[in-house]
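Dear colleague,

Please find below the structure that I am handing over to you. A short account of what was found in it comes after the display.

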Amino acid sequence: MKHLKRAYLALMIVFMYAPIIVLMVFSFNRSKSRANWGGFTLGWYSELFKDPKILSALYTTLSVAVLSALIAAVLGTAAAVGIDSMKSRGRRIMMTVTNIPVVNPDIVMGVSLMLLYIFLFNAFSFLRLQLGYATLLLAHVSFNVPYVILSVLPKLRRMDDHLFEAALDLGAPPFKSFYKVILPEIMPGVVTGAMLAFTMSVDDFVVSFFTTGAGVENLSVLIYSMARRGINPKINALSTLMFAFVLILLYLINRSDTSKQRKGERELNEADY
């Protein structure tokens with residue numbers, strides 16, 4: 001039974017990571033064909049940084065992901081604090097509303113946001129608004145906020161409810177009490193929610209496809225348009241670099257968490273003595 005569990009785990013790992021490994025290998029393939037190996041080359045990486053269209057899409061993707069993650073972190077944290085302070089009935093209603101964008105199909109959200117933007121643009125036609133970068137950013141903030149709320153709420157529920165009141169009794173203003181007392185306690189949830197929002201933004205295609213306009217493309221929309229003519233090997237190189245970046249980032253975060261945990265255990269042991 002033990003060997004069967006290990007074989008199952010190994011099979012799952014191969015199933016998840018084999019496509020990524022194939023993509024990384026073919027990013028060094030001299031041939032454009034994905035059916036044969038034409039020799040090792042780094043040419044696609046150099047070509048990648050010479051392609052203004054891909055670099056523009058990359059800039060749009062990263063800027064929208066970073067901005068939407070930061071905005072969603074602020075709005076989601078404030079919303080989580082408000083939901084946590086509600087009575088049980090109001091909290092259940094708000095949690096149901098919060099969960100709708102998470103379980104709602106992306107196609108429904110994308111089309112509904114597109115129709116909303118078109119309606120607003122027609123209603124305020126004198127402003128000459130149109131689909132573009134701003135609508136793309138707003139759409140990403142819309143579906144990222146619930147993920148931040150769901151990440152922060154568990155931290156708030158495990159926190160002592162009297163900490164905030166104690167800070168107020170000691171003379172701290174409400175904002176300073178939140179910044180100095182509440183925020184450090186829930187910061188792991190805020191960071192987790194922001195990272196999840198960043199990942200969801202980079203990964204999104206359907207909502208981006210319906211809410212972006214002419215001349216504004218993120219990577220997912222650009223790759224979709226390329227797929228109809230065949231994926232360029234430069235996309236393999238870009239995907240490899242992005243995977244390597246995420247891998248290094250996760251390693252650094254895990255290393256930081258481990259060092260903090262060891263430091264806390266060491267301080268606890270020293271306090272016992």
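The notes below cover the overall fold, the surface and the nonpolar cores.

This is a predicted model, in which local features need pLDDT of at least 70 and side-chain atom pairs count only at pLDDT 80 or more, while totals for chains, interfaces and linings use all residues. Residues are numbered from 1 along each chain as its sequence is written, and side-chain values use heavy atoms, with hydrogens and water left out.

The protein has 11 helices and 0 strands, where helices are DSSP runs of H or I with at least four residues and strands are runs of E with at least two, numbered from the N terminus. Its radius of gyration is 23 Å, against near 19 Å for a compact globule of 273 residues (taken over C-alpha atoms; the rule is 2.2 Å times the number of residues to the power 0.38). The C-alpha atoms fill a box of roughly 70 × 65 × 40 Å along the principal axes.

Of the 273 residues, 30% are buried (under 20% relative accessible area, 1.4 Å probe, protein chains only).

The largest nonpolar core (buried Ala, Val, Leu, Ile, Met, Phe, Trp, Tyr and Cys residues joined through side-chain atoms within 4.5 Å) holds 24 residues, of which A80, I149, V152, L153, L156 and I186 touch the most other members. Two or more residues each come from α3 (52-84), α6 (133-157) and α8 (174-203), and α6 gives the most, with 9 residues. A second, separate core of 12 residues includes Y45, A57, I235 and A237.

Yours sincerely

Definitions and conventions: Buried means under 20% relative accessible area, exposed over 50%, partly exposed in between (1.4 Å probe, protein chains only).
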